[in-house]
Amino acid sequence: MTGELRQGRAAAADNGRGAEADADGVVPQSAADVIVDRRGPILVVQMNRPRVRNALTRAMAERLAAAFRELDAREELRVGVLTGTPPAFCSGMDLAAFARGERASLPGLGFGGLTERPPAKPLIAAVEGPAVGGGFEMVLACDMVVASADALFGLPEVRRGLVAAAGGLLRLPRAIAPAVAMEMALTGEPIDAQRAFSLGLVNRVVPAGTALAAACELGEKIAAHADHAVLASKAVLARARDGELADEYRAHRELLSDIIDSPGARAGARDFVQGRSGGTG
C-alpha cells in the first residue's frame with residue numbers, strides 16, 4: 001500500500017471534511033490533499049480539499065504530478081481517473097496562495113502537473129459539481145470526461161481580472177466550436193453537464209454521486225484491451241487533436257506572463273479572497 005493511499009484512507013475516515021482555515025484564511029495542507037488509490041488496473045487520483053472546493057496549491061500540484069508519473073511508470077496500471085472530493089471537482093488555483101505569490105503550475109507540466117503534458121496512458125475525468133478555472137483546464141487535458149448531472153464547467157477568470165492561463169484558451173476551441181469557446185472565455189459564465197454533453201465536451205452524464213464509479217467502469221473497458229494498442233491509439237488521436245500545442249503553449253506563456261504576474265491580477269485575487277471564505281477560484 002502506498003503512503004498516499006494510507007494517508008488517503010485516514011482522510012476518508014475523517015469524512016473528507018477538509019481542514020479549517022486559520023485566521024489569515026489559509027487552509028493547512030497535508031499529503032492527504034491528494035488521495036491515490038489503485039483499483040485493479042485503474043489508478044484513481046482524487047483532489048481532497050473539499051472545504052475550499054479542491055482549490056490547488058503548489059504542493060498538491062507536485063503530488064498530482066507524482067501520481068501521473070506513477071500511472072505511466074507502472075506496467076500493471078492501464079488507465080487513470082482524476083476526480084475531486086465533493087462538493088466540487090476543482091475550483092482552480094488557490095487564490096489566497098496566488099495572492100501570496102504561489103503558483104500551482106509546474107514547469108513543463110502545467111497546472112496541477114497535468115495541463116501542459118498529460119500522461120501517456122488514458123486519463124478520465126470524473127466530475128461531480130463545479131470544474132471551473134484551472135479545474136476546467138485540467139478536465140480539458142483529460143482524454144475522456146464522465147460528468148454527474150450537477151456538474152458545471154467554466155472559465156470565470158475574466159470576472160476576477162485574471163486570465164485562463166493553464167491552457168484552457170488553447171484547448172477549449174479545439175474541443176468545441178470556437179465561437180462558443182469565445183463566449184465562455186469572455187463572459188466567464190459556466191455551462192451545465194447536459195450542455196457540455198451536447199457540445200461534445202463530455203462523454204457521459206450520470207446521476208449525481210456516481211461519476212467516479214462510471215469513470216472506473218469506462219476505464220475497465222479500456223484496460224481490457226491490449227496495452228500497446230490502447231497506447232498507440234491514444235498517441236495518434238492526441239497528436240491529431242493537439243497539433244502544435246507545445247509551440248502554442250510557449251507563445252501563450254510569453255503573451256500572458258506579464259498579465260498573470262501583474263499587480264492587478266494579484267489585487268483581483270486578494271479582492272476575491274476577502275469577499276469569499278476560503279480564498280479559492
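The following exchange examines how features of this predicted model are assigned.

Me: What makes the pairing of aspartate 94 with arginine 49 a salt bridge?
Reply: The closest N and O atoms of aspartate 94 and arginine 49 are 2.9 Å apart. The cut-off is 4 Å between a side-chain nitrogen of Lys or Arg and a carboxyl oxygen of Asp or Glu, so the pair qualifies as a salt bridge. The structure holds twelve salt bridges.

Me: Why can this salt bridge be said to tie together parts that are apart in sequence?
Reply: Aspartate 94 lies in the loop between strand S3 (79-84) and helix H3 (95-99), while arginine 49 lies in the loop between S2 and helix H2 (58-73); the pair therefore ties together parts that are 45 residues apart in sequence.

Me: How do you know that S1 and S2 pair, and in which sense?
Reply: Pairing requires at least two bridges. S1 and strand S2 (residues 42-47) are joined by six bridges in the antiparallel sense, so they count as paired strands. Among the bridge partners, arginine 39 is matched with isoleucine 42 in S2, and valine 34 stands opposite methionine 47 in S2. The two strands form a hairpin with two residues between them, and glycine 40 in the turn has a positive phi of about 65 degrees.

Me: Which strands are the edge strands of the six-stranded sheet?
Reply: The order in this open sheet is S1-S2-S3-S6-S8-S11, with mixed pairing. Strand S1 (34-39) and strand S11 (204-206) each pair on one side only, and they are the edge strands. From one strand to the next, the twist averages 20 degrees.

Me: Why are S7 and S10 called edge strands in the sheet of three strands?
Reply: The three strands form an open sheet in the order S7-S9-S10, and the pairing is mixed. Strand S7 (130-132) and strand S10 (191-192) have a single partner strand each, so one side of each is left without a neighbour in the sheet.

Me: What makes S7 and S9 partners, and where does H4 lie?
Reply: S7 and strand S9 (residues 152-154) share three bridges in the parallel sense; the requirement is at least two, so they are paired. Alanine 131 stands opposite phenylalanine 153 in S9. Helix H4 (residues 134-141) lies across S7 and S9 and runs at about 90 degrees to S7.

Me: What makes the contact of H5 with H6 nonpolar?
Reply: Helix H5 (residues 168-175) and helix H6 (residues 178-187) pack at about 145 degrees, their axes being 7 Å apart. H5 passes H6 in a right-handed crossing. Leu169, Leu172 and Pro173 in H5 meet Pro178, Ala181, Met184 and Ala185 in H6. Leu, Pro, Ala and Met count as nonpolar, so the division is seven nonpolar, no polar and no charged.

Me: What backbone features are found at proline 87 and at arginine 53?
Reply: A cis peptide bond, with omega of about 25 degrees, joins proline 86 and proline 87. Proline 87 lies in the loop between S3 and H3. Arginine 53 has a positive phi of about 55 degrees although it is not a glycine, and its place is in the loop between S2 and H2. Most residues other than glycine have a negative phi, and most peptide bonds are trans.

Me: Where does the pLDDT stay under 50?
Reply: The chain averages a pLDDT of 84, and 76% of the residues score at least 70. Residues 1-28 stay under 50, with 35 contacts in the model beyond four places in sequence. The pLDDT is also below 50 over residues 277-281, a stretch with 20 contacts beyond near neighbours in sequence. Where pLDDT is low, the predicted coordinates should not be read in detail.

Terms used: Residues are numbered from 1 along each chain as its sequence is written. This is a predicted model: local features need pLDDT of at least 70, side-chain atom pairs count only at pLDDT 80 or more; totals for chains, interfaces and linings use all residues. Side-chain values use heavy atoms; hydrogens and water are left out. Helices (H or I, at least four residues) and strands (E, at least two) are DSSP runs, numbered from the N terminus. Contact means heavy atoms within 4.5 Å. Axes are lines fitted to C-alpha atoms, for helices over the stretch in contact, and angles run from 0 to 180 degrees between N-to-C directions. A crossing is left-handed if the near helix is turned anticlockwise from the far one by less than a right angle, and right-handed if clockwise. pLDDT is the predictor's confidence in each residue, from 0 to 100.
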